[in-house]
Structures are given as C-alpha cells and as structure tokens.
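User: I should like to learn how to read the main features of a structure, one at a time. Could we begin with the question of how covered a strand is?

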Amino acid sequence: MNATELRASLGLAGIYALRMLGMFLILPVFAIYAEKLQGANNHTLIGIALGSYGLTQALLQLPLGMLSDRIGRKKVIYGGLLLFAIGSFVAAGAHDIATLTLGRVIQGAGAISAAITALLADLTREENRTKAMAMIGMSIGTTFAASLVLGPLLAKYIGVNGIFALTGFLSLAALIGVWLIIPDPVQSRFHSDTEANTKRLPAVLRNSQLLRLNYGIFALHAAQMAMFVTIPFALIKTGHLDKSQHWEVYLPVTVIGFILMVPAIIYGEKKARLKPVFVGAIALMAMAQLGMALALDSFWQIVAWLSLYFIAFNILEATLPSLISKIAPADAKGTAIGVYNTSQSFGLFLGAAAGGWLYTHYGPAGVFGFTTLLMLSWLIWSLGMQPPKAVRSVMFHIGESWRGDAEALSRELAGVAGVHEASVLLADRVAYLKVSQQQWDETEVRRLIDATF
C-alpha cells in the first residue's frame, strides 16, 4: 500500500470502529436500563427499542450507498454521522421508552457502511482492496469484544444515558476525522466488489448457496439480540452481579472465543475444510443456546455456555464473509455483500423484538427456545451447502485506454492455470478473478492484464 491508501484504510477503519463502538457499548446494559424508563411496562417494548436501530439500518443501507454514487461519498457519510449523533443525544435525554426508541430509530438512519466501503474502494487500488477491507473487518470484531467489557464499566461511572451522549460525541469526532484525515478521491465510480448493483440482485437472490448464508447472518444476529434482552437479567439473578460487574463475565468468555477461533479458521482455510468447520460452529451454537435454556438457574453453567457461544459466534462471524466472497459471482460480490448486510440488520431488529415479546409472555426459557430453534433450522439448512472451492478473490486494474473485447479477455483469464472464474468489467476498468488458494499462474495473468495498458 502507498501512503494515501494506508492513510485511507486506517482512517476509515478507525472511523468505522468509532461508530460501531457507539452501537455496541449499550448492548450489555440496555435492557436493564430501559426497564426503568417510563412506559417500559413489558419487555416487548424494550426489545423493539433495542432493535429499532436495525430496522432503519436495513431499510436505508443500500439506498444510501447508491445515493453516494450520485452526490458523493463524503456528503452521505457526513449526513449519516450527524444523524447518528442526533439520535444518540435524543436517546441520552430520554425519560421514557418511546423517546428512547425514537433515538434508536434516528441512529439507525445514519446507515453509512455502504458509503464507507465505496469511499475506501475509491481510495485504494484493486490489488490492495482486500487488505483494506480486512482492516475494517478487524476493527468491527475488536470493537464488539471491547464494548462488552467497556459497556458495563462505563455504565457504572457515567450511566447508560452518559454512554449514549458519549456515542454522540464519538460520532461527531468521526465526522471531523472524515473531514481532516480521509483524502478526497480523485475520482468516484461504481465498484462491483463493494457496491450493490440492482441489475445483479435477481441473480444474487436466486442463488441458493447465498440464501443459506443470508439466512445464517440473519439468524446469528437475531439470536444475539434476543439473548441480550435476557442474559443481563440472568446474570443479576443467578450471580448476584450488579450490571457494572458484568464485564467480569464477558471479558474471559470473549477472550476464550477469540483464542479458540484462530486455529479453527486456519484449519478450515488451509485444509479446504471450511464447510465442516462452519457447520460444526453452527452445531456448537445450537448446543450453547439449548444449554442456556436448561441452565438459567445456574450462574456457572450460564458462564460455561456463554464461553461456547462466543467460540461459535467468532468462528461464524469470521467465516461467513469469507464464504460470501468465495460463493458470490465475481462481478456481483458487492451486491451479495449488500444483501448479506441487510439480512444482518433485519436480524438485529426482529431478534430483539421477538426476544422482548417472548420474555414478556414465556420468560427466559421461551427466549432461548426461540434462539435454539433458529440455530437448529440454520444447522439443518446448512447441511445441504456445497463445500466452497478453495479460492480467494483478486482484482486487477484494466488500462484506461483499452477498448478490447471484455468477454474474450474474461475467457483467456479463466483459462489460466489456477483461475476458477474471471469477469472483466470495462465500466469498472477491473478484472475480477477467483483463484486457487494453493497455486495459480500469476505471471500469465499479469501478462494478459499488462496487454491492456
């Protein structure tokens, strides 16, 4: 990476992390806090308040990404960060559940993830884009783990309304960071690897392998949000822990999850055994949900099942994007990711709302019965998944002045040893390839690409 690419990648990853920190910090303490607000007479309203962020996120994520193509990336990002800050301050001042829900809805309207990845694509060369996207992915995972520990600690010193105010200031700081740190792109254009193309939506939505993954990310995050409507109360009841002490549980279980995730991912990728690792993690997740349903009166059993949950969660969070990249058509990766992210956001909303309703009517056992069924249905569907090819995605820039036959070049590239799929898009000036993880003739590919300059 050159200096501009590194600055853009680190800066946008940091800005993404600041924004995600604001979203994740409240997760472990939200339900306990919301229960004491005016009008929160049942957990259904608490669940809706918690998940409403995901609803507006799901509805606006793709449209705002497309809007950034027309009016500019930074304008959309500025507007989204400002909305997120306004929503945070509304939530910080809320004295009733309705106002808190409104604040969460406004927060979710700042749906800028697609605009951020599009800006990153504008600022990085094709051959470095995978590294840049990996930086953002790492920032999200790290932020989530840190938030589970920091959320309860911050709630002790500044309260949950203080956390909301802090997230508002963090969003404003991120806005200033975009202005001062992130370079302006020389040229903005559509990127098939990071942005959704409405023309490719039918193909993506008909792909049964991608549908399995979309349902998976929906179920994974629906179960997560339903859990966090329930788990904080279970820790208080069984462990007699104040909410400010919950980090003492979350810290060890998240660390265990991260440590044990690494060998599983390495084994799956290096040995081309990603499907067994993936299906095994779903089975472990289902086991953890069922275990918690049966162990809600035992603090240490809850902790043990949470440890298994975070092992499975971390493996699935890491493998799902990798599987999307391997399975999605080379020229529709951005569209596949857009549908995937939208499915995740809908899962956040529906999981929290369903978890709150079930807690109100059937108690914690009903919530974990629901999450268990979600995981079992995902497990059954995943068994029919085709083992993904041991491939990775690479991109090459096509010369600006080249006017050759894109389809002919695609066929030539696809015929090179180790290349499984190739698609040349002149509008993007990019060749998208899926190549063998073990060995591929990079020299021949570069010779064909160099002929376009």
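User: How many of the seven residues of strand 1 are buried?

Analyst: This is a predicted model, and the reading below applies to that model. In general, the side chains of a regular strand alternate between the two faces of the sheet. In the present case, strand 1 is mostly covered, with six of its seven residues buried.

User: In what order do the strands of the sheet lie, and which of them are the edge strands?

Analyst: The sheet is open and has three strands in the order 1-3-2, paired in the antiparallel sense. Strand 1 (391-397) and strand 2 (419-425) are the edge strands, each pairing on one side only. On average, and with direction ignored, neighbouring strands are turned by 15° against each other.

User: Over how many bridges do strand 1 and strand 3 pair, and which residues stand opposite each other?

Analyst: Seven bridges join strand 1 to strand 3 (residues 430-436), in the antiparallel sense. Among the facing pairs, R392 stands opposite V435 of strand 3, and M395 has Y432 of strand 3 as its bridge partner.

User: Which helix lies across these strands?

Analyst: Helix 15 (residues 442-450) lies across strand 1, strand 2 and strand 3. Its direction is at about 30° to strand 1.

User: How does one check the length of a helix, for example helix 5?

Analyst: One compares the expected span with the distance between the end C-alpha atoms. Helix 5 (residues 97-109) has 13 residues, so at 1.5 Å a residue it should span 18 Å; the end C-alpha atoms are 19 Å apart, which agrees.

User: Which residues of helix 5 are buried, and what covers them?

Analyst: An α-helix has 3.6 residues a turn, so residues three or four places apart point the same way. In helix 5 the buried residues are I97, L100, T101, G103, R104, I106, Q107, G108 and A109. Their cover includes helix 2 (30-34), helix 3 (43-71), helix 4 (73-92) and helix 7 (129-180).

User: What caps the N-terminal end of helix 5?

Analyst: D96 does so: one of its side-chain oxygens lies 3.1 Å from the backbone nitrogen of A98.

User: Where is confidence lowest and where is it highest?

Analyst: The lowest mean in the protein chain, 81, belongs to helix 1 (residues 3-24), and the highest, 95, to helix 5. For the protein chain the mean pLDDT is 89, and 100% of the residues reach 70 or more.

User: How should single residues be read, and is S382 buried or exposed?

Analyst: One asks where the residue sits, how covered it is and what it touches. S382 is found in helix 13 (residues 333-382). Its relative accessible area is 2%, which is under 20%, so S382 is buried. Beyond residues up to four places away in sequence, S382 touches R212, K275, F278, V279 and I282. S382 and Y215 are 167 residues apart in sequence, yet 9.8 Å apart in space, C-alpha to C-alpha.

User: With which side chain does the side chain of S113 make a polar contact?

Analyst: The partner is the side chain of Q61, at 2.6 Å. S113 is found in helix 6 (residues 113-123) and is buried, with a relative accessible area of 5%. Neighbours within four places in sequence aside, S113 is in contact with Y16, Q57 and Q61.

User: Where is H240 found, and is H240 buried or exposed?

Analyst: H240 is found in the loop between helix 9 (208-239) and helix 10 (247-270). With a relative accessible area of 66%, H240 is exposed. Its phi is near 55°, a positive value in a residue other than glycine.

How values were computed
Residues are numbered from 1 along each chain as its sequence is written. This is a predicted model: local features need pLDDT of at least 70, side-chain atom pairs count only at pLDDT 80 or more; totals for chains, interfaces and linings use all residues. Side-chain values use heavy atoms; hydrogens and water are left out. Two strands pair if DSSP finds at least two bridges between them. Helices (H or I, at least four residues) and strands (E, at least two) are DSSP runs, numbered from the N terminus. Axes are lines fitted to C-alpha atoms, for helices over the stretch in contact, and angles run from 0 to 180 degrees between N-to-C directions. Contact means heavy atoms within 4.5 Å. The expected span of a helix is 1.5 Å times one less than its number of residues. Buried means under 20% relative accessible area, exposed over 50%, partly exposed in between (1.4 Å probe, protein chains only). A polar contact is a pair of N or O atoms within 3.5 Å; within protein, one must be able to donate a hydrogen and the other to accept it, and residues adjacent in sequence count only if both atoms are side-chain atoms. pLDDT is the predictor's confidence in each residue, from 0 to 100.
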